[in-house]
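Visitor: I'd like a close look at one part of this structure, the sheet and whatever packs around it. Could you walk me through that slowly?

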There are 4 protein chains.
Amino acid sequence: MSNLVHVLDDTSYVELLDAMASDLKVVNAARVSYKKKSLEMTPRDVKLIDFLMREGHGSPFEHCVFQFEVKAPLFTVRQWQRHRIASYNEQSGRWTEFEPEFYSPDEKYRQWNEKSYQEYLDRLAAGEPKERARMVLGTGIYTSFWFTVNARSLMNFISLRSGETAQSAIQEYSKALEHHFRVMMPVTWAAFDRNNRKAP
Amino acid sequence: MSNLVHVLDDTSYVELLDAMASDLKVVNAARVSYKKKSLEMTPRDVKLIDFLMREGHGSPFEHCVFQFEVKAPLFTVRQWQRHRIASYNEQSGRWTEFEPEFYSPDEKYRQWNEKSYQEYLDRLAAGEPKERARMVLGTGIYTSFWFTVNARSLMNFISLRSGETAQSAIQEYSKALEHHFRVMMPVTWAAFDRNNRKAP
Amino acid sequence: MSNLVHVLDDTSYVELLDAMASDLKVVNAARVSYKKKSLEMTPRDVKLIDFLMREGHGSPFEHCVFQFEVKAPLFTVRQWQRHRIASYNEQSGRWTEFEPEFYSPDEKYRQWNEKSYQEYLDRLAAGEPKERARMVLGTGIYTSFWFTVNARSLMNFISLRSGETAQSAIQEYSKALEHHFRVMMPVTWAAFDRNNRKAP
Amino acid sequence: MSNLVHVLDDTSYVELLDAMASDLKVVNAARVSYKKKSLEMTPRDVKLIDFLMREGHGSPFEHCVFQFEVKAPLFTVRQWQRHRIASYNEQSGRWTEFEPEFYSPDEKYRQWNEKSYQEYLDRLAAGEPKERARMVLGTGIYTSFWFTVNARSLMNFISLRSGETAQSAIQEYSKALEHHFRVMMPVTWAAFDRNNRKAP
């Protein structure tokens, strides 16, 4: 699987842009406490990660960082950006024109989205500023943003947003993030999963 | 002026719910460094606040906390909640039905808002879940939230959001917040204003 | 019990300076989601707090804020200030002279503390700057600071610092903080205690 | 210059362990707003970084992250860890024995440090737990920690800690951090320097 994973349709996506993350980094951050360093993962290191997760020692996981570009509907982004321990930069609806790209779960939504997009274009054509005209667009419209987040905060995100009480759209995004997390940090991911998917 | 200030129209508002904030608190937080305490503001204390502001010693201002309830359009709330050093709880569009309350700068927006609200009602009537039906609503729809914020982060908000590069709607909210800030912490407000409205 | 609680001896203390905290505030912050408000705590509200705690919905607890003045030994303050979601202002060892006040668990520590304090005074007398002379003082020396913290972060502190793996001194401070938390927010405290003292 | 820079003497150091940082990353994070991407730095990108710095648009700088290992005296670490927007893991004086490594600005400090270290060893020999025996050590004793920090928070650190009102020891560390920052992000560093070394 490439670094770009489509999520709700062929337009929306999660793309891993960069990362500074590995299980070994967690181990070495934790072993600073003991003035020790590992050069590669050993069975003892696997146990250490399990212990940190179970006992809620979250700080060693913060030294691993993921950087994503995301395209998602506004209503999902609203839920997303309530996560405060992360860095965001987002496409501006004040300075750029929205593309006619929407999350449309069925034909009726597609019709409404197209209608509202036409209304948006009409207002732009009439000279309305973008920042005002966008008010007519529903929250299914797609926007893009960068999301830089450490592994501790990412686990918190996944814990809350992949659960069944989360709305289905953000669950899909959470799974896409989790895919990258699992590939980069397989031992940490397994410990997280065993710990009832609770972030430390 | 009462604790509730209307902002964009007779529906939207900023209401000061509670506060733990005074100029004297800033002074006493700062004077912990010197093991001293003031019982009331003196001319020296006024100078101290000026000094803290000018030199960027922001931590003493963090001990003052404001608590607001806000009703604002979604597009404004999106800008608002990018401020991460604050606490938020917001009305849920997943579990409650939106009221037909919108920010409508002119008659054309009012017509579109009413049309989209009718679309929303139709979908609810057809059995669509609220979390999905809301996608048809434009971002002029009003939502309510609690906003608890310390004086340092509040000054940062006011600094960025009352300036002329901010969108006009959030400028109005920023002024309403600033009104409460100025009433509760007049000396701090004056120092902030003299410091080119830069947060320390 | 007054607002000031002595902790390790007759010198060290935790003092509640101010608070903006109640169980009802948690309930009303949470009910913003449902556009409802309680005027006093009902049995349903008690259940709501239990639910929030158990399900890890931590944000409503953030709207309650406690403000403490603390006098504690340096080695404890070092552990304390690793808690980043809080505001601190501390007595400066660069600008003020330390008092001969130490945590001395037994007579041998007292002797050493007095010896090192004499060394400190000698260096000050010889014209050494305070910021440098203080290096000879052991980490049992007392310092004072302001600590402003919301109830969510406070529960995290208590969860980690009152447990038996924490050092005994900070356990005592944690108990003193918990006393104030319990008095101000009895329903929240009981839910926290039932939830295995895990912060939401 | 290698990744490890000695600071106060041949024992203390700042070592760059890892980084995910470049000027181009800042530019591309900022250009998300405009749905654009640069492949290499152009003169226009240099101007953009200058603009972001001057206007206080700090978020694009947060997507660059530095990871350091630091060995520093306790009194410096106390100042350091007041910076809350960063991740830390530190050698534990509860679980490991301190080495006889101190910051000793002159012969008199060296003598006292050695004396206090002998006292520490005597107490360990007498069966005192490490967490208690360490109380006799002065705050010139060296400790090691990991410090992971984004470029925005790092600039804030440098701004406050390399200034002449900071204590001389932390000024030296700040310069060592700045060296790495300047090498990795030369355009950002130059803009920071031109902006009176104020963090955005």
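Guide: Let's begin with a term: two strands count as paired if DSSP finds at least two bridges between them. Keep in mind, too, that this is a predicted model.

Now take chain B. Its strands β3 (residues 65-73) and β5 (residues 142-150) run antiparallel and are joined by 9 bridges. If you want a spot to look at, find B:F68, which stands opposite B:F147 in β5(B). That pair of strands belongs to an open sheet of 5 strands in chain B, paired antiparallel in the order β1-β2-β3-β5-β4. At the edges you'll find β1 (4-6) and β4 (87-90) of chain B, each pairing on one side only. On average, neighbouring strands of this sheet are turned by 20° against each other, if you ignore direction.

Next, the helices on that sheet. Helix α6 (residues 151-161) of chain B lies across β3 and β5 of chain B and runs at about 125° to β5(B). Helix α7 (residues 168-184) of chain B packs on the sheet as well, touching β1, β2 (13-20) and β3 of chain B, and its direction makes about 30° with that of β2(B).

For a closer view of α7, hop over to chain A. There, helix α7 (residues 168-184) has 17 residues and reaches 25 Å from its first C-alpha to its last, close to the 24 Å expected at 1.5 Å a residue. Its buried residues include A:I170, A:Y173, A:L177 and A:F181. Here's a handy rule: an α-helix has 3.6 residues a turn, so residues three or four places apart point the same way. What covers the buried residues of α7(A)? Among the elements doing so are β1 (4-6), β2 (13-20) and β3 (65-73) of chain A, along with the helices α3 (74-80), α6 (151-161) and α8 (186-194) of chain A.

Strands turn up again where chains D and A meet. That contact takes 27 residues from chain D and 27 residues from chain A. On the chain D side, β2 (13-20), α1 (23-31), β3 (65-73), β4 (87-90) and β5 (142-150) each supply at least two residues, and β5(D) gives the most, with 5 residues. The residues on that side divide into 11 nonpolar, 12 polar and 4 charged.

How do the two copies sit? A rotation of 180° with 0.0 Å of shift along its axis superposes chain D on chain A, with an RMSD of 0.0 Å. The two copies are therefore related as by a two-fold rotation axis. Of chain D's residues, D:M20 comes closest to the rotation axis, at 3.3 Å (C-alpha).

Conventions: Residues are numbered from 1 along each chain as its sequence is written. Chains are lettered from A and ligands numbered from 1 in the order in which they are written. This is a predicted model: local features need pLDDT of at least 70, side-chain atom pairs count only at pLDDT 80 or more; totals for chains, interfaces and linings use all residues. Helices (H or I, at least four residues) and strands (E, at least two) are DSSP runs, numbered from the N terminus. The expected span of a helix is 1.5 Å times one less than its number of residues. A residue is buried if 20 or more other C-beta atoms lie within 10 Å of its own, exposed if 12 or fewer, and partly exposed in between; C-beta atoms are placed from the backbone. Two residues are in contact if their C-beta atoms, placed from the backbone, lie within 7 Å. Ala, Val, Leu, Ile, Met, Phe, Trp, Tyr, Cys and Pro count as nonpolar, Asp, Glu, Lys and Arg as charged, and the others, Gly among them, as polar. Copies are superposed by least squares on the C-alpha atoms of residues with pLDDT of at least 70 in both. Axes are lines fitted to C-alpha atoms, for helices over the stretch in contact, and angles run from 0 to 180 degrees between N-to-C directions.
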